[in-house]
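The following exercises are intended for a reader who meets this structure for the first time. Please attempt each task before reading its solution.

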Amino acid sequence: MAIFVKDKVLELPRHRDSKEPSHFRPKNGFGGFKGLKYTKKDLFRKRNVLTGILGFVSLYTLFVLLFRENYGTFNVSGLNPMSLEDQEYYDYDFKGLDPNTIKKFDEGVSHYIISKGGMEALSPEDKELYEQEVEMLIASTTDVYDLSEYSGHKDGAPQRDHVLLCVPLRDAAPMLPLLFKNLMNLTYPHELIDIAFLVSDCTDAGHTMNSLIEFSKELQNGTLSKTLEAFESEQDKKNSADKLYLKYMKKEYLDMVKTAFSPPFHNMYDKPFRSIQIFEKDFGQQIGQGFSDRHAVKVQGVRRKLMGRARNWLTANALKPYHSWVYWRDVDVELCPGSVIEDLMKFDYDVMVPNVWRPLPTFLGGEQAYDLNSWMESNEALKLAKTLDEDDVIVEGYAEYPTWRVHLGYLRNENGNPNELLDLDGVGGVSILARAHLFRKGIHFPAFTFENHAETEAFGKMAKKMGFRVGGLPHYTLWHIYEPSDDDLREIAKLERENKRD
Ligand SMILES: Nc1nc2c(ncn2[C@@H]2O[C@H](COP(=O)(O)OP(=O)(O)OP(=O)(O)O)[C@@H](O)[C@H]2O)c(=O)[nH]1
Ligand SMILES: [Mg+2]
């Protein structure tokens, strides 16, 4: 396996003649389509139901293999083999139809269920088999969903609510180790989470896509944490100039990061997710992904509208009838509680976001509110909107747009109650949990100006306008990564020169 970072390809620091075996195996211990019988929810509890591999490529859509074939007798050191018993790995679109049974019907089959004299002619066993086969025949062309069953419980995990986890990515290869560690750290049952990545407009010669595929395979094989551990310990040995800024970060924050990424992790850390899909589609984004490029005020409207297109495209393609919740997550989150999905769900709101801060070098104050897109509307901003063109997009945090809104970010108290909740109008996109039926009802991330907003802020406004509850947690914090701006790098260089002189 190779992990790609920027323009370099970094081979993993270990030799593997054969693929690392997974310590997870599908229940019944076989893969592929052998010995399968029935498919639908009510059938798949039968023995010998389909386990295994579903892989397909469609319009450059890759469905990454769930399991490799070579599980068998193995044991990754320190890990016990574990069988993937959870029914959710095998339900809905993970069909297990027996081709021979279907073929039998296709070729025409005579079946007598009443005797000549009107007496019951089938034995109870024959009758049961006949009913199962008919059900399989129907299931081969028909899916039936009662959408009222997928409206999202506030205790989604025990209710077995399926979650679609969407991650948009652009030029994100260096960020993937962080993202995948945070994904593994999620405590919401992995077998209930379908992950959908959208890779767009990359300028890194395919590195984001190639690395993403490799990481996804390892994740679904249950071997990613071991692989990353080896990879990162090798990386740590390299004295990278890019990390110079760490000298200027608060020790408390660096300690928090260290603790978060050191074992012990939760029991199901390595457990494969229900599925991973990777989509690639370009939307013509031209603005660079560098910190200073993407933050210029004049590019915000265009950039946000394109992001809206990308997000809508992803939900439209990945959302299935059986998803009850959709969780949106940006790649560039450094610290996030593993229980974030459950923690956002439990309030029974239709849209819920946490607070997002970022660490800063001590010469800039050590930390700051980062995501200013989560806010309560103000009269001043409504008045300001009336003075703007219909197509203008208000962006928060810029002197050009004095909105005087209440920002979730600024309400944070380090020791505040993480369960305190505030009703919001606009939301930021770093980490949004929303009920799936909002998307089914047409709420989306406007790629046009909606009430002088675009993308996630307009999504919040639209959800509110359609009568849904939108909230945020001022004292529940996710930490966005710190990326030194051009000015910060100059300051760090200056301080380094001064230190050397002393
Ligand atoms: N698919 C896709 N993903 C993108 C695009 N631009 C950014 N992303 C991803 O979307 C998420 C958010 O992007 P950021 O560049 O962090 O932008 P932001 O959320 O507006 O916030 P800032 O960090 O303040 O710039 C990240 O996961 C990016 O990798 C794009 O054009 N297409
Ligand atoms: Mg970001």
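**Exercise 1. The neighbours of strand S18**

Asn-355 has Thr-477 as its bridge partner in S18. Task: state which strands pair with S18, and in which sense.

Solution. The model is predicted; local features require pLDDT of at least 70, side-chain atom pairs count only at pLDDT 80 or more, and totals for chains, interfaces and linings use all residues. Residues are numbered from 1 along each chain as its sequence is written, while chains are lettered from A and ligands numbered from 1 in the order in which they are written.

Step 1. Strands (E, at least two residues) and helices (H or I, at least four) are DSSP runs numbered from the N terminus, and two strands pair if DSSP finds at least two bridges between them.

Step 2. Strand S12 (residues 351-359) runs parallel to S18, with 7 bridges.

Step 3. Strand S11 (residues 333-335) is antiparallel to S18 and joined to it by 2 bridges; here Leu-335 stands opposite Trp-479.

Step 4. Strand S16 (residues 422-423) is also joined to S18 by 2 bridges in the antiparallel sense, with Asp-423 opposite Gly-471.

Step 5. Of the 11 residues of S18 (residues 470-480), 10 are buried. A residue is buried if 20 or more other C-beta atoms, placed from the backbone, lie within 10 Å of its own, exposed if 12 or fewer, and partly exposed in between.

**Exercise 2. Strand S8 and the nonpolar core**

Task: determine how many residues of strand S8 are buried, and which residues Ala-196 contacts beyond its neighbours in sequence.

Solution. Step 1. In S8 (residues 193-199), 7 of the 7 residues are buried, so the strand is largely enclosed by the rest of the structure.

Step 2. Ile-193, Ile-195, Phe-197 and Val-199 point one way, Asp-194, Ala-196 and Leu-198 the other. In a regular strand the side chains alternate between the two faces of the sheet.

Step 3. S8 pairs with S7 in the parallel sense over 7 bridges; Leu-165 has Ile-195 as its bridge partner in S8.

Step 4. Leaving aside neighbours within four places in sequence, Ala-196 is in contact (C-beta atoms, placed from the backbone, within 7 Å) with Leu-164, Cys-166, Gln-277, Phe-279, Leu-314 and Ala-318.

Step 5. Ala-196 and Phe-197 are among the residues with the most contacts inside the largest nonpolar core, which has 82 residues. Such a core is a set of buried Ala, Val, Leu, Ile, Met, Phe, Trp, Tyr and Cys residues joined through C-beta atoms within 7 Å.

**Exercise 3. Unusual backbone geometry**

Task: identify where the peptide bond is cis, and establish whether Ala-205 and Glu-455 are buried or partly exposed.

Solution. Step 1. Most residues other than glycine have a negative phi, and most peptide bonds are trans.

Step 2. The bond from Pro-263 to Pro-264 is cis, with omega near 5 degrees; Pro-264 is in the loop between helix H6 (251-260) and strand S9 (275-280).

Step 3. Ala-205, in the loop between S8 and helix H4 (207-221), has a positive phi of about 55 degrees. Ala-205 counts as partly exposed because it has 13 C-beta neighbours inside 10 Å.

Step 4. Glu-455, in helix H12 (residues 455-465), has a positive phi of about 50 degrees. With 30 C-beta neighbours inside 10 Å, Glu-455 counts as buried.

Notes:
Contact = placed C-beta atoms within 7 Å.
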